[in-house]
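Q: Please take a close look at one part of this model, the salt bridges and their surroundings, and describe it in connected prose.

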Amino acid sequence: MDTTRYETVAAGSAAGIALVVIGGIIVVGLLIWAFRLGIKVMQRESRTPRHSEHPKLPDSGPVYETQQRREPDEVPDADETGRRLTPHELGASGSRRSEDQSRPRWEPGSSGSFGSGGPGGR
């Protein structure tokens with residue numbers, strides 16, 4: 001009976017197991033090194049502010065946003081001026097305060113946030 005073949009296979013599997021163990025040790029070592037590096041970086045950073053160091057509301061209370069409806073400035077038509085405007089003549093695309101400041105509401109039968117406003121399938 002030829003046992004050389006079995007000894008070669010056994011030696012190969014022992015070498016494979018050794019490589020896996022060595023690879024595992026290297027990975028664990030790299031993870032430990034990365035963890036320690038992260039701790040060092042955190043120690044160099046400035047500390048988080050304490051509760052008493054956070055900004056406070058002003059005495060007048062919270063500042064609220066103002067809401068207003070805006071409408072775009074109209075661009076003159078080429079028929080009115082007799083020629084087309086060039087880009088530098090247009091200037092910044094501004095807007096002005098709308099005369100109608102009422103809040104737009106959805107009308108019955110019009111489209112809501114989805115679909116075309118049709119009857120839909122219930």
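A: A salt bridge is here a side-chain nitrogen of Lys or Arg lying within 4 Å of a carboxyl oxygen of Asp or Glu. The model is a predicted one, and with that criterion the side chains of Glu71 and Arg96 meet in a salt bridge, at 3.2 Å from N to O. This pair links distant parts of the chain, since Glu71 belongs to strand S1 (residues 70-72) and Arg96 to strand S2 (residues 95-97), with the two positions 25 residues apart. Glu71 has a relative accessibility of 26% and therefore counts as partly exposed, and Arg96, at 35% relative accessibility, counts as partly exposed as well.

The surroundings of Glu71 also include Ser98, which is placed in the segment after S2. Leaving aside neighbours within four places in sequence, Ser98 is in contact with Arg69, Arg70 and Glu71. Ser98 is buried, because its relative accessible area is 8% and the limit for that class is under 20%. The side chain of Ser98 also reaches the backbone nitrogen of Asp100, at a distance of 3.3 Å.

A search of the whole structure finds four salt bridges, and some of them involve Glu53. Glu53 forms a salt bridge with Arg47, in which the closest N and O atoms are 2.9 Å apart, and the side chains of Glu53 and Arg50 meet in another, at 3.9 Å from N to O. The value of 3.9 Å for Glu53 and Arg50 should be read against the cut-off, which asks for a nitrogen within 4 Å of a carboxyl oxygen. Arg47, Arg50 and Glu53 are in this way linked in a network of salt bridges. Glu53 counts as partly exposed because its relative accessibility is 42%, and Arg47 is likewise partly exposed, with a relative accessible area of 49%, where exposed would require over 50%.

For the wider setting, the protein chain has three helices and two strands, and from the N terminus on its elements run α-β-α-α-β. Of the 122 residues of the protein chain, 2% count as buried, and Ser98 is one of the buried residues. The protein chain exposes about 12100 Å², of which carbon and sulfur atoms supply 59%. Among the contacts in the protein chain with a separation of 6 or more, 52% come from residues 24 or more positions apart; the salt bridge of Glu71 and Arg96 joins positions 25 residues apart.

How values were computed
Residues numbered from 1 in each chain as written. Predicted model: local features only at pLDDT ≥ 70, side-chain atom pairs only at ≥ 80, totals over all residues. Heavy atoms only, no water. Buried < 20%, exposed > 50% of the residue type's maximum accessible area, 1.4 Å probe, protein only. Helix = DSSP H or I, 4+ residues; strand = E, 2+ residues; numbered from the N terminus. Polar contact = N/O pair within 3.5 Å; in protein donor to acceptor, adjacent residues only side chain to side chain. Contact = heavy atoms within 4.5 Å. Areas by Shrake-Rupley, 256 points an atom, 1.4 Å probe, with all protein chains shown as cover.
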